[in-house]
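Subject: Structure for you to look at

Dear colleague,

Here is the structure I promised to pass on to you. Please open it beside this email and follow along as you read.

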Amino acid sequence: METQRLERGRLVDHIQLVVKDLAASRRFYEAVMEPLGIPLGGEAEDYFWFDELFVSTPDSEAAQGQLTGRHHIAFQAADRAAVDAFHKAALEAGGKDNGPPGERPQYHPGYYGAFALDPDGNNIEAVYHGEAKRSADSVTITY
């Protein structure tokens, strides 16, 4: 694989999923975020969030009464073990297997991912792209 250098800002600020059963979704996302090291950011009666992922009920003010459609969301994992743990946690939390942990060379050499369907049928993935040097672990924004 040739060396690649990517210069990117934050393409996505946040994503909102509007779900049928908030409690089932919360159990699922708490389980899959734990092995990825992403803590619960906050919650209220009609929503919760993890980092840039916001999940709400249809009657939440931000949802405007509509469920979101099926989405594919991929979360970065620190290593292959985190991808494996993500997949195991997803299935134990009621997710459905949509692709077991493994290499996906059709994407690029070193791509290691796992897929699960959340309670609403969203295709949720954890991916490890292989050894890479990052300029920073995260983006810090101060207002």
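Below is what was found in it, taken piece by piece.

A word on the source comes before the findings. This is a predicted model, in which local features need pLDDT of at least 70 and side-chain atom pairs count only at pLDDT 80 or more, while totals for chains, interfaces and linings use all residues. Residues are numbered from 1 along each chain as its sequence is written, and side-chain values use heavy atoms, with hydrogens and water left out.

Let me begin with the sheet. Four strands form an open sheet in the order 1-4-3-2, with mixed pairing; strands and helices here are DSSP runs numbered from the N terminus (strands are E and at least two residues, helices are H or I and at least four), and two strands pair if DSSP finds at least two bridges between them. Strand 1 (15-18) and strand 2 (42-44) stand at the edges with a single partner strand each, so one side of each has no neighbour in the sheet. From one strand to the next the twist averages 15°, where axes are lines fitted to C-alpha atoms (for helices over the stretch in contact) and angles run from 0 to 180 degrees between N-to-C directions. Four bridges join strand 1 to strand 4 (residues 53-56) in the parallel sense, and V18 has S56 in strand 4 as its bridge partner.

Strand 5 (residues 72-76) is paired elsewhere: five bridges join it to strand 8 (residues 123-128), and the two run parallel, with A74 standing opposite E125 in strand 8. In a regular strand the side chains alternate between the two faces of the sheet. Along strand 5, I73 and F75 point to one face and are buried, whereas H72, A74 and Q76 point to the other and are not; buried means under 20% relative accessible area, exposed over 50%, and partly exposed in between (1.4 Å probe, protein chains only).

Next come the helices. Helix 1 (residues 22-33) lies across strand 1, strand 2, strand 3 (47-50) and strand 4, and runs at about 15° to strand 3. Helix 1 also packs with helix 2 (residues 80-92) at an angle of about 160°, their axes lying 8 Å apart. The two helices are therefore roughly antiparallel (angles under 35 degrees count as roughly parallel, over 145 as roughly antiparallel, 65 to 115 as roughly perpendicular and the rest as oblique). The contact, meaning heavy atoms within 4.5 Å, is made by F28, A31 and V32 of helix 1 and by F86, A89 and A90 of helix 2.

Which residues does H87 contact, leaving aside its neighbours within four places in sequence? They are D97, G99, P100, P101, A114 and F115. H87 has its place in helix 2 and is buried, with a relative accessible area of 7%.

Finally, the structure holds five aromatic pairs; rings of Phe, Tyr and Trp (its six-membered ring) pair if their centres lie within 6.5 Å, and planes under 30 degrees apart count as stacked, over 60 as edge-to-face and the rest as tilted. F28 and Y29 form an edge-to-face pair, at 5.0 Å centre to centre with 85° between the planes. F28 counts as buried at 0% relative accessibility, and Y29 counts as buried at 0% too. F48 and F50 form an edge-to-face pair at 6.0 Å centre to centre, with 85° between the planes. Ring pairs also link Y47, W49 and F54 into a cluster.

With best wishes
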